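Reader: Could you take a close look with me at one part of this model, the salt bridges? I would enjoy a connected walk through the charged pairs and what lies around them.

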Amino acid sequence: MTPVQRTERISRRLRTLRLVALVDLVLLLALVSSALTGQRELVQILGPLHGINFLLLLVIVVLGAVDGIWAWWFPVAVFLTAGPPGAFIGEWIIARRINAQNVLDERKEQL
């Protein structure tokens, strides 16, 4: 796999991860606000939706670690931060590393 293909593969995974994390964040905020306002019926609907989405988020980051796309700190961070915070921070860190590596690769090609 060429470096360009690897970068594109990681970028696709990160876009998917970002979307799932955003949905998880919206569901979590709706769930917490519903719970705080005492809307039990809404909590009973949003709870399982958020739970399934959180598990999907964990599956995405664990599969990325198993595939060697990123290190195991990423799934641990997502799990410990209850999802979106760890996902957004980890995605930002990995994207920065990819961009830095691309800059280095371009400089090597110029020499």
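Author: Happy to; what follows goes through the salt bridges one by one and then turns to the pocket, a surface patch and one aromatic residue.

Please keep in mind that this is a predicted model. As background, side chains of opposite charge can pair when their charged atoms come close. With a cut-off of 4 Å between a side-chain nitrogen of Lys or Arg and a carboxyl oxygen of Asp or Glu, the count here comes to 3 salt bridges.

Let us start with Asp-67. Its side chain meets that of Arg-9 in a salt bridge, at 3.9 Å from N to O. Arg-9 belongs to helix 1, while Asp-67 sits in the loop between helix 2 and helix 3 (73–80), so this pair ties together parts that are 58 residues apart in sequence. The distance of 3.9 Å falls within the 4 Å cut-off, and that is why the pair is counted as a salt bridge.

Asp-67 also has a salt bridge with the side chain of Arg-13, this one at 2.6 Å, N to O. Arg-13 lies in helix 1 and Asp-67 in the loop between helix 2 and helix 3, so here the parts tied together are 54 residues apart in sequence. Arg-9, Arg-13 and Asp-67 are thus linked in a network of salt bridges.

How buried or exposed are the members of this network? Here "partly exposed" covers relative accessible areas between the 20% limit for buried and the 50% limit for exposed. Arg-9 has a relative accessibility of 23%, so it counts as partly exposed. Arg-13 has a relative accessible area of 24% and is partly exposed. Asp-67, at 36%, counts as partly exposed.

The other pair to look at is Arg-18 with Glu-91, whose side chains meet in a salt bridge at 2.6 Å, N to O. This pair links distant parts of the chain, with Arg-18 in helix 1 and Glu-91 in helix 4, 73 residues apart. Arg-18 is at 37% relative accessibility and therefore counts as partly exposed. Glu-91 is at 11%, so Glu-91 counts as buried, since buried means under 20%.

Helix 1 and helix 4 come up again at the largest pocket, which has a volume of about 260 Å³. It is lined by 14 residues, and the closest to its centre are Arg-6, Ile-10, Arg-97, Ile-98 and Gln-101. Helix 1 (3–36) and helix 4 (84–110) each supply at least two residues of this lining, and helix 4 gives the largest share, 6 residues. Sorted by class, the lining has 8 nonpolar, 3 polar and 3 charged residues.

Now for helix 2 (residues 40–66), where Leu-49 lies. Together with Leu-42 and Ile-45, Leu-49 forms a nonpolar patch on the surface, and the three have about 250 Å² of accessible area together. Residues in such a patch need over 30% relative accessible area; Leu-49 has 42% and is partly exposed.

Phe-54 is found in helix 2 too, but at 15% relative accessibility Phe-54 counts as buried. Its C-alpha atom is separated by 15 Å from that of Gly-90, a residue 36 positions apart from Phe-54 along the chain.

To gather the charged pairs once more: Asp-67 is linked with Arg-9 and Arg-13 in a network, and Arg-18 is paired with Glu-91.

Technical notes
Residues numbered from 1 in each chain as written. Predicted model: local features only at pLDDT ≥ 70, side-chain atom pairs only at ≥ 80, totals over all residues. Heavy atoms only, no water. Patch = residues over 30% accessible without salt bridge, like charges linked within 9 Å, V, L, I, M, F, W, Y side chains within 5 Å. Areas by Shrake-Rupley, 256 points an atom, 1.4 Å probe, with all protein chains shown as cover. Helix = DSSP H or I, 4+ residues; strand = E, 2+ residues; numbered from the N terminus. Buried < 20%, exposed > 50% of the residue type's maximum accessible area, 1.4 Å probe, protein only. 1 Å grid on protein atoms, 1.4 Å probe; cavity = no way out; pocket = protein on both sides within 12 Å on 5 of 7 lines; lining within 4 Å. Points joined across faces, edges and corners; volume = space filled by probe spheres on them. Nonpolar A, V, L, I, M, F, W, Y, C, P; charged D, E, K, R; others polar.
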